[in-house]
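Reader: I am new to this structure. Please pick one part, look at it closely, and then show me what lies around it.

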Amino acid sequence: MVFYFTPVSEEHRAETKHVLYMGRDKVENEDLIKYGFPDDIWFHVDKLSSAHVYLRPARGKTMDDISEEELEDCAQLVKANSILGNKENNIYIVYTPWSNLKKTGRMEVGQVGFHDEKLVKRVKVEKRKNEIVNRLNKSKTEVEVPDLVMDRDAYDKEIREEKKANFREEERVRLEEERERDAEREARDYGSIMGADRMVTNKQNAKKYASVEEAEEDFM
């Protein structure tokens, strides 16, 4: 089962279309770790056991586009779903892109590491804010058997199609620029051939050649 939440407010969500989600337990966390989207943002209480909370940003958005309100929503949700973290004040929440999560065969269920520690950020939570936690819980929906594999396949297909479209557009622009350069080069070459110092008047031709046919043969 996966739980989904609405961050901040319906009005703000309609603008950003970000989504919060988390697994029911550490076993389900394994599937979320495996089938997340590269731009998803993972949240966890630092150095304590807690739920794995993810924020899925709108397409084209990244971790740097999270608002302060959304960040606080994520942090409060993680804190509220940590047995020890929920009881303590002044704790830290770590967060990083899903693509930075590292999972090896030797790790325990639900355990992760990081590829690059520089991509891991921390935010301090002084205390639990019930008004935020209650609002998020009211927005919660449950999906009993989410098809995470299908969702990831659909995402990957969309990315592939987007890359193909971008490549086709880049090729169209490149060919158009190449045609323009060829046309400019041909125009310069023609202008050089037809320069005043190389042009011959009809009177000059008449003096030089006995007939038009003879002049044409010499030109060719």
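**The loop between β3 and β4, and its surroundings**

Author: Lys 47 is exposed, because its relative accessible area is 77% and anything over 50% counts as exposed. The model is a predicted one. Lys 47 belongs to the loop between β3 and β4, and its phi is near 65°, a positive value in a residue that is not glycine. Asn 90 also has a positive phi without being glycine, near 55°. Asn 90 sits in another loop, the one between α3 and β5 (91-97), and counts as partly exposed at 45% relative accessibility.

Back in the loop between β3 and β4 (53-56), there is also Asp 46. With a relative accessible area of 21%, Asp 46 is partly exposed; the cut-off for buried is under 20%, so Asp 46 does not count as buried. In sequence, 77 residues separate Asp 46 from Val 123, yet their C-alpha atoms are 9.6 Å apart in space.

Next comes the strand before this loop. Strand β3 covers residues 41-45 and contains Trp 42. Trp 42 is buried, at 4% relative accessible area. The structure has four aromatic pairs. In one of them, the ring centres of Trp 42 and Phe 114 are 5.7 Å apart and the planes meet at 65°, so the pair is edge-to-face. Phe 114 lies in strand β7 (residues 113-114), so this pair ties together parts that are 72 residues apart in sequence.

Strand β3 also takes part in the largest pocket, whose volume is about 580 Å³. The pocket is lined by 28 residues, and the closest to its centre are His 44, Leu 48, Ser 49, Ser 50 and His 52. The largest share of the lining, three residues, comes from β3. At least two lining residues each come from β2 (19-23), α2 (26-35) and β3. Sorted by class, the pocket lining has 11 nonpolar, 10 polar and seven charged residues.

Beyond the pocket, the structure has one cavity of 30 Å³ or more. The largest cavity has a volume of about 70 Å³. Tyr 4, Tyr 21, Leu 32, Tyr 35, Gly 36, Phe 37, Arg 56, Leu 148 and Asp 151 line the largest cavity. Helices α2 and α5 (148-193) each supply at least two of these residues. By class, six residues of the cavity lining are nonpolar, one is polar and two are charged.

Some residues of the cavity lining also appear in ring contacts. Tyr 4 and Tyr 21 are linked with Tyr 54 into a cluster by ring pairs. Arg 56 lies over the face of Phe 37, at 3.5 Å from the ring centre. Elsewhere, the charged end of Arg 122 sits over the ring of Tyr 92, 4.2 Å from its centre.

One more element completes the tour. Helix α3 (residues 68-80) has 13 residues, and its first and last C-alpha atoms are 18 Å apart, close to the 18 Å expected at 1.5 Å a residue. Among the buried residues of α3 are Glu 70, Leu 71, Asp 73 and Cys 74, along with Val 78 and Lys 79. Lys 79 is thus listed as buried, whereas Lys 47, in the loop where this account began, is exposed.

Key. Residues numbered from 1 in each chain as written. Predicted model: local features only at pLDDT ≥ 70, side-chain atom pairs only at ≥ 80, totals over all residues. Heavy atoms only, no water. Phe/Tyr/Trp six-rings, centres within 6.5 Å; stacked < 30°, edge-to-face > 60°. Helix = DSSP H or I, 4+ residues; strand = E, 2+ residues; numbered from the N terminus. Buried < 20%, exposed > 50% of the residue type's maximum accessible area, 1.4 Å probe, protein only. Lys NZ or Arg CZ within 6 Å of the ring centre and 35° of its normal. 1 Å grid on protein atoms, 1.4 Å probe; cavity = no way out; pocket = protein on both sides within 12 Å on 5 of 7 lines; lining within 4 Å. Points joined across faces, edges and corners; volume = space filled by probe spheres on them. Nonpolar A, V, L, I, M, F, W, Y, C, P; charged D, E, K, R; others polar. Expected span 1.5 Å × (residues − 1).
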